[in-house]
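Thank you all for coming. I would like to walk through one model this morning, and I will begin with a question once it is on the screen.

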Amino acid sequence: MTDIIVIIILVLLIGGAIAYIVRSKRNGAKCIGCPAGGNCPGGGKMPKKKLDGRVVSRKTMLISGMTCQHCASNVTNVLNQIEGVRAEVSLSAGKARIACDRYVEDDVLRNAVEKTGYRVISIS
């Protein structure tokens, strides 16, 4: 009898999860469960941003909360919108490599990433 109850509970849980995924995809979510609510940019290859001058500083930012390639693309877009910053984000490493052609404060970088729903662990 307990086996039947466990099987029923598992079927309900799996069915509910599948229904949630199907509903999310029908509503246009690109990635399910990401902090951006599934509305982050596509995961295609992004063109490398060119800086106006030569690189004067390089930084590495450790980021938590990225769960898919869409999230990494979102962080890349946000950082590359900052004047004088070129960023490449690695989802697997959970970090962004940042090159700057001028002085950019760490707080500017941190605030840009954290406004999008991710957490900056450190900048070095």
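Is Asp-106 buried, partly exposed or exposed? Before I answer, please keep in mind that what you see is a predicted model. Asp-106 has a relative accessible area of 31%, and because the range between 20% and 50% is what we call partly exposed, Asp-106 falls in that class.

Its partner is Lys-59, with which Asp-106 forms a salt bridge whose closest N and O atoms are 2.6 Å apart. Since Lys-59 belongs to strand 1 and Asp-106 to helix 3, this pair ties together parts that lie 47 residues apart in sequence. Lys-59, for its part, has a relative accessibility of 14%, and therefore counts as buried.

Let me stay with the charged residues for a moment. The search of the whole structure returns 4 salt bridges, and another of them joins the side chains of Glu-88 and Arg-97, at 2.6 Å from N to O. Here Glu-88 is partly exposed at 29% relative accessibility, while Arg-97 counts as exposed at 51%. There is also a salt bridge between Asp-101 and Arg-102, with the closest N and O atoms 2.9 Å apart, and these two residues are linked with Asp-52 in a network of salt bridges. Within that network, Asp-101 is buried, with 12% relative accessibility, and Arg-102 is partly exposed, with a relative accessible area of 31%.

Now to a residue that I would ask you to look at with some care, namely Arg-86, which is found in strand 2. Arg-86 is buried and yet has no salt bridge, the nearest side chain of opposite charge being that of Glu-88, 4.7 Å away. Because a salt bridge requires the nitrogen and the carboxyl oxygen to be within 4 Å, that distance does not qualify. If we set aside residues up to four places away in sequence, Arg-86 touches Lys-48, Lys-49, Leu-51, Val-55, Arg-58, Asn-80, Arg-97, Ile-98 and Ala-99.

Ile-98 brings us to the interior, since Ile-98 is listed with Met-61, Leu-79 and Leu-109 as having the most contacts inside the largest nonpolar core, a set of 23 residues. The elements that contribute two or more residues to this core are strand 1 (57-64), helix 2 (69-80), strand 2 (85-90), strand 3 (95-100), helix 3 (106-115) and strand 4 (119-123). Of these, helix 2 gives the most, with 5 residues. As for Met-61, and again leaving aside neighbours within four places in sequence, its contacts include Leu-79, Ile-98, Leu-109, Val-113, Val-120 and Ile-123.

Strand 4 also holds Arg-119, which is exposed, with a relative accessible area of 51%. Arg-119 and Ser-64 are 55 residues apart in sequence, but 5.2 Å apart in space from C-alpha to C-alpha. Beyond its neighbours within four places in sequence, Arg-119 is in contact with Leu-62, Ile-63, Ser-64 and Glu-114.

Finally, let us turn to the N-terminal end of the chain, where helix 1 (residues 2-26) contains Leu-10. Leu-10 is partly exposed, with a relative accessible area of 47%, and it is one of the residues in a nonpolar patch on the surface that has about 1,200 Å² of accessible area together. Other members of this patch include Met-1, Ile-4, Ile-5, Val-6, Leu-13, Ile-18 and Val-22. I will stop there and take your comments.

Notes
Residues are numbered from 1 along each chain as its sequence is written. This is a predicted model: local features need pLDDT of at least 70, side-chain atom pairs count only at pLDDT 80 or more; totals for chains, interfaces and linings use all residues. Side-chain values use heavy atoms; hydrogens and water are left out. A nonpolar core is a set of buried Ala, Val, Leu, Ile, Met, Phe, Trp, Tyr and Cys residues joined through side-chain atoms within 4.5 Å. Buried means under 20% relative accessible area, exposed over 50%, partly exposed in between (1.4 Å probe, protein chains only). Helices (H or I, at least four residues) and strands (E, at least two) are DSSP runs, numbered from the N terminus. Contact means heavy atoms within 4.5 Å. Patches are made of residues with over 30% relative accessible area and no salt bridge: like charges are joined within 9 Å, nonpolar side chains (Val, Leu, Ile, Met, Phe, Trp, Tyr) within 5 Å. Accessible areas come from the Shrake-Rupley method with a 1.4 Å probe; for residues, only the protein chains shown count as cover. Lys and Arg count as positive and Asp and Glu as negative; His and the chain ends are not counted.
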